[in-house]
Amino acid sequence: MQNGFSALKVCAHTVEQLQKMGITKPMPVQEQAIPALFAGRDVIARAQTGTGKTLAFLVPLAEKIDINKPYVQALVITPTRELAQQIATELKKILGESEIKVLAVTGGRDFEEQKYKLEGRSHVLIGTPGRLLDHIKKGNTDLGGVKYLVLDEVDEMLQQGFMDEALDLIAMTAPEHQTMLCSATLNEEVRKLGRKLTKNSALIDIEPDKATVDKIKQICLKTTDEYKNRAVAALIERLNPYLMIVFCMSKERTKELGDWLGMQGFNVDVLHGEMSPAKRKTVMKSFRDAKIQILVASDLAARGLDVEGVTHVINYDIPHDVDWYVHRIGRTGRAGNDGVAITLYTPEEVKWLRNIETKLGVLMERQNLEGETVARRVATPAPKKKKPAGPKRGRNAVADKRKAPKTGSNRRQGPKK
């Protein structure tokens, strides 16, 4: 049987390296992007992390580099240092014993050491806009020979205000170059940028529902905001995950939950935007090495982080955006493994739960803390009310209302089962 990548005209060496990585069948974004990039077209792709978009641009990149030309020929710009490091690691795996030189250029790393490596004439640079610009301003490298350009997580770069720096870098590349833009969303701002930076581009749109990994079991659990901490603790004790990520909506809630779980004796650490680069690196290494079992993270960590062995994801705070939900739960169920995603929601948040389910075309299984399935009431259109037949019906309705028992004293503590 022919390897799926061979059918896309990928060279034998790259196919062999992919097989060593356990990858033989292209994912949808790869099936569409690789032929277009080989044909020299620009590409705009909406694809979430976990859909295989990284390989979609790295496989053609690996075959477009001429090792006899000792200058930068390809540039990948990312919004975060973690994502840049991961892409560099992935590319090195694809290249194998190739003499192509790859360098990740990000903040949080020794500047002088990066300068020394840049003098070694890298063929591919993968980095964050600020640090790349710093090196160029000091004359440590230049981008005049770049003919293959990738902007990854474009929507995130726009949101974080990095696009001006990225545009400065793009202006330094060769006048005629090939461009691939990757974004989790295709809002008007991203589309406008795409029109500005690409010519005759192929548009690839991997819908969020297709991006959601089939092997992820999606569960919802009704609770109250006051009881959420205890609900998470109970789930950890029952599930005993190998690695679990718990997502919170803000750094404050991330720190509060992390501290609380730590006081309960759980093996936990936190990841959020205000941590120093060194601390973030230390935490991620410990989590990847399974020295930390539970990682409580703000949405910063939902972008681009690829950690093998994450068996469970908990949405401590339900996302209001479907794309963010897909990003979060995509941290589990990686590389064909099973995964479980549990979303906690309060009675006030039912509308956000229904928003996710409607847009993804799924119905999550509702469970209680013991893991038992609980019946869900699915919203149906209310029947049209008939006009009262007369005064008698109205008096009976009032009488029935007076007989109704009061329920205010029967408050439940914690999630309903």
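## Exercises on a predicted model

V102 in strand 3 stands opposite V124 in strand 4, where strands (E, at least two residues) and helices (H or I, at least four residues) are DSSP runs numbered from the N terminus. This is a predicted model, in which local features need pLDDT of at least 70 and side-chain atom pairs count only at pLDDT 80 or more, while totals for chains, interfaces and linings use all residues. Residues are numbered from 1 along each chain as its sequence is written, and side-chain values use heavy atoms, with hydrogens and water left out.

**Exercise 1. Describe the order and pairing of the strands in the open sheet, and find the strands at its edges.**

Step 1. The open sheet has seven strands in the order 3-4-2-5-6-1-7, and their pairing is parallel; two strands pair if DSSP finds at least two bridges between them.

Step 2. Strand 3 (102–105) and strand 7 (202–205) are at the edges, and because each has a single partner strand, one side of each is left without a neighbour in the sheet.

Step 3. From one strand to the next, the twist averages 10°.

Step 4. Within the sheet, strand 2 (residues 74–77) runs parallel to strand 5 (residues 148–151), and four bridges join them; the bridge partner of L75 is L149 in strand 5.

**Exercise 2. Work out how strand 3 is placed, beginning with its side chains and ending with the unit to which the strand belongs.**

Step 1. V102 and A104 point one way from strand 3, whereas L103 and V105 point the other way, and all are buried, that is, under 20% relative accessible area, where exposed means over 50% and partly exposed lies in between (1.4 Å probe, protein chains only).

Step 2. Strand 3 and strand 4 run parallel and are joined by four bridges.

Step 3. Together with helix 5, strand 3 and strand 4 make a right-handed β-α-β unit; right-handed means that, with the strands pointing away from the viewer, the path from the first strand over the helix to the second runs clockwise.

**Exercise 3. Describe how helix 1 and helix 4 pack, and list the residues that meet.**

Step 1. Two packed helices are described by the angle between their axes and the distance between the axes.

Step 2. Helix 1 (residues 12–20) and helix 4 (residues 81–95) pack at an angle of about 120°, with their axes 7 Å apart; axes are lines fitted to C-alpha atoms, for helices over the stretch in contact, and angles run from 0 to 180 degrees between N-to-C directions.

Step 3. From helix 1, the residues H13, T14, Q17 and L18 meet K93, I94 and L95 of helix 4, contact being heavy atoms within 4.5 Å.

**Exercise 4. Decide whether Q218, E165 and D142 are buried, partly exposed or exposed, and find what each one touches or reaches.**

Step 1. Q218 lies in strand 8 (residues 216–222) and is buried, because its relative accessible area is 15%. The side chain of Q218 makes a polar contact with the side chain of Y325 (2.6 Å).

Step 2. E165, in helix 8 (residues 163–171), counts as partly exposed because its relative accessibility is 30%. Leaving aside neighbours within four places in sequence, E165 is in contact with P129, G130 and L133.

Step 3. D142, in the loop between helix 6 (129–137) and strand 5, counts as partly exposed because its relative accessibility is 47%. The side chain of D142 reaches the backbone nitrogen of G144 at 3.1 Å. A polar contact is a pair of N or O atoms within 3.5 Å; within protein, one must be able to donate a hydrogen and the other to accept it, and residues adjacent in sequence count only if both atoms are side-chain atoms.
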